[in-house]
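User: Please go through this model with me and explain the terms as you apply them. I would like to see each label set against its definition.

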Amino acid sequence: MKKSIGIAAVLLLLLVSCKTDKKEILPTPPQPELTLLEKIAQANGYQEWKNVNELKFTFNVDKDSTHFERTWTWKPKINEVSSITADTTITYLRKNLDSTLTKTDASFINDKYWLLAPFQLVWDAKSFEFTHTIESEAPISKKPMQKLTIVYNNEGGYTPGDAYDFYFGANFILQEWVFRKENQEEPSMTTTWEDYETINGIKFAKSHKMEGQNFNLNFTGIQIN
């Protein structure tokens with residue numbers, strides 16, 4: 001009798017265990033579809049940005065026989081910026097900006113935008129309106145590409161109301177862009193996006209050239225820690 005009770009208890013325990021296991025196996029919820037802005041950012045390695053503690057880069061402009069450069073170190077998790085020149089280094093927290101740092105910070109924002117525009121599409125998403133054209137002629141190569149146009153709000157930032165036209169293919173990697181100051185119809189600047197390099201999983205376009213001009217806005221010394 002006792003043996004029968006023991007066997008029954010074991011069977012009951014197994015039955016309860018099986019039912020419990022079945023309840024714990026839940027279907028994986030569907031992942032939300034990425035927006036166009038997220039697709040462009042992720043194609044450039046945005047998912048790796050969370051691992052970046054420090055980014056260092058030098059912004060260069062080579063035009064004809066002239067050369068200009070400035071070097072930056074940015075710690076994005078605390079938003080600390082260092083401007084590094086041959087003569088001095090200025091370090092500041094962006095949350096503590098004052099009038100003496102406005103010019104320096106505006107230069108940093110400009111240079112960072114050129115380097116990280118695909119990520120800025122996500123970071124600035126609430127600051128602009130955008131339209132997407134499935135097929136449009138790229139201004140330099142004349143190839144058919146997708147076109148994303150963004151127009152920043154008229155308030156906030158250093159250059160409110162500016163517009164950008166991004167051109168890219170099916171892989172969502174930028175190939176050309178047009179900057180239009182204050183959303184004017186005529187381009188203010190049109191350049192390529194080329195010489196890509198992947199560093200720590202993040203893809204950077206290191207060169208931006210103008211058609212028919214001896215001009216190359218480029219990046220050197222990109223380091224990620």
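The exchange below takes up labels used for this structure and the values behind them.

User: How do you know which features can be used in this model?
Analyst: This is a predicted model, where local features need pLDDT of at least 70 and side-chain atom pairs count only at pLDDT 80 or more, while totals for chains, interfaces and linings use all residues. Residues are numbered from 1 along each chain as its sequence is written, and side-chain values use heavy atoms, with hydrogens and water left out.

User: Why is threonine 190 called buried?
Analyst: Buried means under 20% relative accessible area, exposed over 50%, and partly exposed in between, with a 1.4 Å probe and protein chains only. Threonine 190 has 19% relative accessibility, so it counts as buried. The residue lies in strand S9 (residues 189–192); strands are DSSP runs of E with at least two residues, helices are runs of H or I with at least four, and both are numbered from the N terminus.

User: What is threonine 190 in contact with?
Analyst: Contact means heavy atoms within 4.5 Å. Leaving aside neighbours within four places in sequence, threonine 190 touches Pro139, Ile140, Trp177, Val178, Lys209 and Met210.

User: What makes glutamate 182 exposed and asparagine 183 partly exposed?
Analyst: Glutamate 182 is at 57% relative accessibility and therefore counts as exposed. Asparagine 183 is at 35%, so it counts as partly exposed. Glutamate 182 sits in the loop between strand S8 (174–180) and S9, and asparagine 183 is also found in the loop between S8 and S9.

User: Which residues does glutamate 182 contact, leaving aside its neighbours within four places in sequence?
Analyst: They are Pro160, Gly161 and Asp162. The C-alpha atoms of glutamate 182 and threonine 159 are 7.8 Å apart, with the two residues 23 apart along the chain.

User: What makes the phi of asparagine 183 worth a remark?
Analyst: Most residues other than glycine have a negative phi. Asparagine 183 is a residue other than glycine, and its phi is positive, near 60°. Phenylalanine 172 is not a glycine either, and has a positive phi of about 65°; its place is in the loop between strand S7 (163–168) and S8.

User: How do you know that S5 and S6 pair?
Analyst: Two strands pair if DSSP finds at least two bridges between them. Strand S5 (residues 128–137) and strand S6 (residues 144–152) have eight bridges and run antiparallel. One bridge partner of phenylalanine 130 is isoleucine 150 in S6. The two strands form a hairpin with six residues between them, and lysine 142 in the turn has a positive phi of about 65°.

User: What is the order of the five strands in this open sheet?
Analyst: The order is S5-S6-S7-S8-S9, with antiparallel pairing. S5 and S9 are the edge strands, each pairing on one side only. S7 and S8 are joined by six bridges, and phenylalanine 166 stands opposite tryptophan 177 in S8.

User: Why are S4 and S10 called edges in the sheet of seven strands?
Analyst: That open sheet has the order S4-S3-S2-S1-S12-S11-S10, paired antiparallel. Strand S4 (89–93) and strand S10 (194–199) each have a single partner strand, so one side of each has no neighbour in the sheet. Strand S11 (residues 202–209) and strand S12 (residues 215–224) pair over three bridges in the antiparallel sense, and serine 207 stands opposite asparagine 218 in S12.

User: What makes up the contact between helix H2 and helix H3?
Analyst: Leu37, Glu38, Ile40 and Ala41 in H2 meet Pro118, Phe119, Leu121 and Val122 in H3. By class, this contact has seven nonpolar, no polar and one charged residues. Ala, Val, Leu, Ile, Met, Phe, Trp, Tyr, Cys and Pro count as nonpolar, Asp, Glu, Lys and Arg as charged, and the others, Gly among them, as polar.

User: What defines a nonpolar core, and which residues touch the most other members of the largest one?
Analyst: A nonpolar core is a set of buried Ala, Val, Leu, Ile, Met, Phe, Trp, Tyr and Cys residues joined through side-chain atoms within 4.5 Å. In the largest, with 44 residues, Leu55, Leu148, Ile150, Phe166 and Phe204 touch the most other members. H3 gives the largest share, eight residues. Leaving aside neighbours within four places in sequence, the contacts of leucine 55 include Trp49, Trp72, Leu115, Leu116, Phe204 and Ile222.
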